[in-house]
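Here is a short tour of one protein chain. Look over the sequence and the fold before reading on.

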Amino acid sequence: MCNFESFRLWLEMGRRHEKYDYWYWYELRMAVLKRDRACRYCGIPLTKLTVTLDHVIPVSKGGTNDMDNLVASCKPCNHAKDSMSVEEFLAYRARMQGTK
């Protein structure tokens with residue numbers, strides 16, 4: 001059963017809810033890519049096909065979707081960072097590289 005009030009609010013927002021809006025995230029990804037151009041963690045150059053957005057302060061720890069909290073990263077770094085802070089991730093990466 002549909003909640004009419006929430007449906008009405010959804011229509012009033014113009015169907016642009018950032019959590020679900022593909023074009024909102026596409027434009028945001030392109031803006032971050034233009035600013036950063038390479039993975040913030042490993043430095044490899046990124047393209048519009050390889051860029052992913054990473055939250056500096058993870059959403060699970062109170063981070064937001066603001067440009068100030070987003071950086072460009074490659075998929076392997078973004079996946080490995082998970083919900084760690086930047087400091088935790090860099091320390092983890094240093095330990096992993098030291099064990100190889």
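Is Lys61 buried, partly exposed or exposed? Lys61 is partly exposed, at 47% relative accessibility. This is a predicted model.

## A long-range pair at Lys61

Lys61 has a partner. Its side chain meets that of Glu88 in a salt bridge, with N and O 3.5 Å apart. The two sit in distant parts of the chain, 27 residues from each other. Lys61 belongs to the loop between β1 and β2, and Glu88 to helix α4 (residues 86–98). Glu88 is partly exposed too, with a relative accessible area of 39%.

## A buried salt bridge

Asp54 and Lys81 form another salt bridge. Their closest N and O atoms are 3.3 Å apart. Asp54 is in strand β1 (residues 52–55), while Lys81 is in helix α3 (residues 75–81). The two are 27 residues apart in sequence, so their bridge ties together separate parts of the chain.

Both ends are shielded. Asp54 counts as buried at 3% relative accessibility. Lys81 is buried as well, at 0%.

## A charged network

The salt bridges number four in total. Some of them join up: Arg35, Asp36 and Arg40 form a network. Within this network, Asp36 bridges to Arg35, and the closest N and O atoms are 2.8 Å apart.

The partners in that bridge differ in exposure. Asp36 is buried, at 13% relative accessibility. Arg35 is partly exposed, with a relative accessible area of 37%.

## The nonpolar core

In soluble globular proteins, nonpolar side chains tend to be buried together. Here the largest nonpolar core has 17 residues. Those that touch the most other members are Cys39, Tyr41, Leu46, Val51, Leu53 and Cys77. Helix α2 (22–36) and strand β2 (70–73) each give at least two residues to this core. The largest share, five residues, is from α2.

Cys77 shows how such contacts reach across the sequence. Leaving aside residues up to four places away, Cys77 touches Cys39, Tyr41, Cys42 and Phe89. Cys77 is buried, at 8% relative accessibility. Cys39 is buried too, with a relative accessible area of 4%.

## Cysteines without disulfides

How many disulfides does the structure hold? The count is zero. Cys39 is in no disulfide, and the nearest cysteine sulfur, in Cys42, lies 3.7 Å away.

Why does Cys77 not bond to Cys74? The sulfur of Cys74 is the closest cysteine sulfur to that of Cys77, but the 3.5 Å between them is too far for a bond. The cut-off for a disulfide is 2.5 Å.

## Rings along helix α2

There are five aromatic pairs. One of them joins Tyr22 and Tyr26, which are stacked. Their ring centres are 6.2 Å apart, with 20° between the planes. Both residues lie in helix α2, four residues apart, or about one turn of the helix.

Tyr26 is partly exposed, with a relative accessible area of 24%. Its ring also pairs with that of Trp23, at 5.6 Å between centres. The planes of this pair meet at 80°, so the arrangement is edge-to-face. Trp23 and Tyr26 are three residues apart in helix α2, again about one turn. Through such ring pairs, Tyr22, Trp23 and Tyr26 make up a cluster.

Conventions. Residues are numbered from 1 along each chain as its sequence is written. This is a predicted model: local features need pLDDT of at least 70, side-chain atom pairs count only at pLDDT 80 or more; totals for chains, interfaces and linings use all residues. Side-chain values use heavy atoms; hydrogens and water are left out. A nonpolar core is a set of buried Ala, Val, Leu, Ile, Met, Phe, Trp, Tyr and Cys residues joined through side-chain atoms within 4.5 Å. Buried means under 20% relative accessible area, exposed over 50%, partly exposed in between (1.4 Å probe, protein chains only). Contact means heavy atoms within 4.5 Å. Rings of Phe, Tyr and Trp (its six-membered ring) pair if their centres lie within 6.5 Å; planes under 30 degrees apart count as stacked, over 60 as edge-to-face and the rest as tilted.
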